[in-house]
Amino acid sequence: MGKTLKRGAAFTALARALTSGARGGPSLGARLAALPRMIRATTRGEYDGGLRLALMTAATAYIVSPIDLLPEIPLAVFGLADDAVMVTWLAGAVLAETERFLEWEVRRASVIPGHVVP
């Protein structure tokens with residue numbers, strides 16, 4: 001029963017961390033909901049995340065691709081290491097870029113469209 005309580009507490013803490021966001025930042029749900037808006041704003045040329053979005057897309061393709069730089073079967077743990085590095089980088093990149101995008105959205109909402117008069 002002791003392990004069950006510890007496991008339950010760990011899952012509760014994880015759920016609380018994911019929903020509240022780290023250090024007062026946006027929650028994971030807010031970040032994931034921002035992804036389609038970020039892609040749309042980037043393709044329209046409104047947001048400057050094109051290169052970062054392309055790198056994240058390439059990392060996702062590498063992770064899900066059956067073709068690997070270091071194959072898992074003959075290299076065992078070393079074959080999984082490259083995937084683990086890519087997943088870690090991708091998770092960090094998505095977190096950083098979605099936070100940057102959400103900050104951009106807030107700043108953008110406070111700008112009044114118009115022209116600069118010299």
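A crossing of two helices is called left-handed if the near helix is turned anticlockwise from the far one by less than a right angle, and right-handed if clockwise. Keep that definition in mind during this tour of a predicted model, because one stop on the way is a crossing of the left-handed kind.

**The whole chain**

Begin by selecting the whole chain and colouring it by secondary structure, where you will find five helices and zero strands, so that the elements, read from the N terminus on, run α-α-α-α-α. If you then switch on the surface, what you see has an accessible area of about 8800 Å², and 71% of that area belongs to carbon and sulfur atoms. Of the 118 residues in the chain, 20% count as buried. Among the contacts with a separation of 6 or more, those between residues 24 or more positions apart account for 57%.

**Helices α2 and α3**

Next, select residues 28-43, which form helix α2, together with residues 50-64, which form helix α3. Two packed helices are described by the angle between their axes and the distance between the axes. Here the angle is about 125 degrees, and the axes lie 10 Å apart. An angle that falls between 115 and 145 degrees counts as oblique, and α2 and α3 are therefore oblique to each other. Turn the view until one of these helices lies in front of the other, and you can follow the crossing of α2 and α3, which is left-handed.

Which residues make the contact? Show the side chains of M38, I39 and T42 on α2, and then add G50, L53 and M56 on α3. These contact residues divide into four nonpolar, two polar and no charged.

**The loop and D48**

Now move to the loop between α2 and α3 and select D48, which lies in it. Is D48 buried or exposed? With a relative accessible area of 51%, D48 is exposed, because the cut-off for that word is over 50%. If you draw a distance from D48 back to M38, ten residues apart along the chain, the C-alpha atoms are separated by 9.6 Å.

**W104 in helix α5**

Finally, select helix α5, residues 77-109, and find W104 within it. W104 has a relative accessible area of 16% and is buried, since buried means under 20%. Leaving aside its neighbours within four places in sequence, W104 is in contact with A41, E46 and Y47. As a last step, draw the distance between the C-alpha atoms of W104 and M38, which are 66 residues apart along the chain and separated by 10.0 Å.

Technical notes. Residues are numbered from 1 along each chain as its sequence is written. This is a predicted model: local features need pLDDT of at least 70, side-chain atom pairs count only at pLDDT 80 or more; totals for chains, interfaces and linings use all residues. Side-chain values use heavy atoms; hydrogens and water are left out. Axes are lines fitted to C-alpha atoms, for helices over the stretch in contact, and angles run from 0 to 180 degrees between N-to-C directions. Helices (H or I, at least four residues) and strands (E, at least two) are DSSP runs, numbered from the N terminus. Angles under 35 degrees count as roughly parallel, over 145 as roughly antiparallel, 65 to 115 as roughly perpendicular and the rest as oblique. Contact means heavy atoms within 4.5 Å. Ala, Val, Leu, Ile, Met, Phe, Trp, Tyr, Cys and Pro count as nonpolar, Asp, Glu, Lys and Arg as charged, and the others, Gly among them, as polar. Buried means under 20% relative accessible area, exposed over 50%, partly exposed in between (1.4 Å probe, protein chains only). Accessible areas come from the Shrake-Rupley method with a 1.4 Å probe; for residues, only the protein chains shown count as cover.
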